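Open the model in your viewer and keep the selection panel at hand. The tour goes stop by stop, with something to select at each.

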Amino acid sequence: DIVVFYRYSIDAEPNICQQMVVRGVLKEFLPNGKILVQLRASQSNPKVLKNEKGFAWAMEHDFLESSQSVLYSVLYSILEANEERRSLLLTKRLPEVDLSCSLIGNYDKKGEIYYNSLVRKAIQAKDYFLLVGPPGTGKTSRGLMYILQEQLLQSDLPILLTAYTNRAVDEICDKLVAYNQANLDSPIEFLRLGSRSATDNFYASYFLAQKVEDNCKTKAEVIDLLKKTRVFVGTTSSVLANLRLTKLLHFSMAIVDEASQLIEPQMVGLFCAKDGEGNNAIDKFVLIGDYKQLPAVVLQTEKQSAVTDLL
């Protein structure tokens, strides 16, 4: 979580508007009761973080202005979207299905006899597929992973995996790493988008920035790295911040985990993104979640977000 913290007098109520604010990322709750925070900007003046008698520190949730402002900019993308995609989003046309598509892989494991049917339906959907189920039913560990594996067999184009929170994206990375460890002869190579400070150090080597730093010296090498990557993983805010990728790459599918946490502006930017030739940058979407489990994350009050229909 990203946070702000500031000093305040123990004799007064904390007031963020009256103090200098330091921004950081909450990394860990330590066993000794302390909290480990990584600063988002290094401080050269030790007085900024000096403890003073009679003062304590307050910590509050923070948010990235860039991630909020991009939601306004992507709303415009629906006006520029291709007609067939815009008609789909506005429910002016029905989603299409190609029943002639068949599976290449086999996902009916012992005790899990229904996954072939599930994956087949996801592959046959030409526009989007909804995977809905309560917690603990294997939506990510089975559904996401099996659909991903089949789509990699169906197409040579890259695939995008995304979710709202870094924690959900960490879980996706967990599943990919576990799969690779069990399938050393055919691993799923993936790159993670976003900031390395927002996740466990275990995943640092998978971040695009780290891969570029370790392996690329020229722009051509960076482009070659991107074109060779089959799977890209990141939070929706990270993906929206890197939409320029769609000008270079065309994605066969985007799988959105914990989709019930998202609000419309966070999705419409992906739905309406175009590639370098003006076509839909992502051919189809798989939305995974449980509408009864977690609501969309909205920072506004019910009164502020109310909509009055004037028609």
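Select helix α4, residues 115–124. Seven of its 10 residues are buried, so the helix is mostly covered under a cut-off of 20% relative accessible area. Keep in mind that this is a predicted model.

Which residues of α4 are buried? Show side chains for Tyr115, Asn116, Leu118, Val119, Ala122, Ile123 and Gln124. An α-helix has 3.6 residues a turn, so residues three or four places apart point the same way. Look along the helix axis with that in mind.

What do these buried residues pack against? Add strand β5, helix α5 (139–154), and strands β9 and β10 to the display. The buried residues of α4 pack against these four elements.

Next, strand β9. Select residues 251–257. This strand is mostly covered, with seven of its seven residues buried.

Now bring in the strands that pair with β9. On one pairing, select β6, residues 159–163. Five bridges join β6 to β9, and the two run parallel. For a residue to label, take Ile159, which stands opposite Met253 in β9.

For the other pairing, select β10, residues 282–289. Here too the strands run parallel, and five bridges join β9 to β10. Label Val256 and its bridge partner in β10, Leu287. Then trace the chain between these strands: from β9 it passes through helix α11, residues 264–271, to reach β10. This β-α-β crossover is right-handed.

Move to the surface. Where does Val132 lie? Select strand β5, residues 128–132, and you will find Val132 there. Now add Tyr128, Leu130 and Tyr291 to Val132 and switch on a surface. Together these four residues make a nonpolar patch of about 440 Å².

Finally, zoom out and show everything. The protein has 11 helices and 10 strands. Its C-alpha trace spans about 75 × 60 × 45 Å along the principal axes. Colour by burial: 41% of the 311 residues count as buried. The accessible surface comes to about 18500 Å², and carbon and sulfur atoms hold 53% of that.

One last display is a contact map. Take contacts between residues at least 6 apart in sequence. Of these, 69% join residues at least 24 apart.

Methods. Residues numbered from 1 in each chain as written. Predicted model: local features only at pLDDT ≥ 70, side-chain atom pairs only at ≥ 80, totals over all residues. Heavy atoms only, no water. Patch = residues over 30% accessible without salt bridge, like charges linked within 9 Å, V, L, I, M, F, W, Y side chains within 5 Å. Areas by Shrake-Rupley, 256 points an atom, 1.4 Å probe, with all protein chains shown as cover. Salt bridge = Lys/Arg side-chain N within 4 Å of Asp/Glu carboxyl O. Buried < 20%, exposed > 50% of the residue type's maximum accessible area, 1.4 Å probe, protein only. Pairing = 2+ DSSP bridges. Right-handed = clockwise from strand over helix to strand, strands pointing away. Contact = heavy atoms within 4.5 Å.
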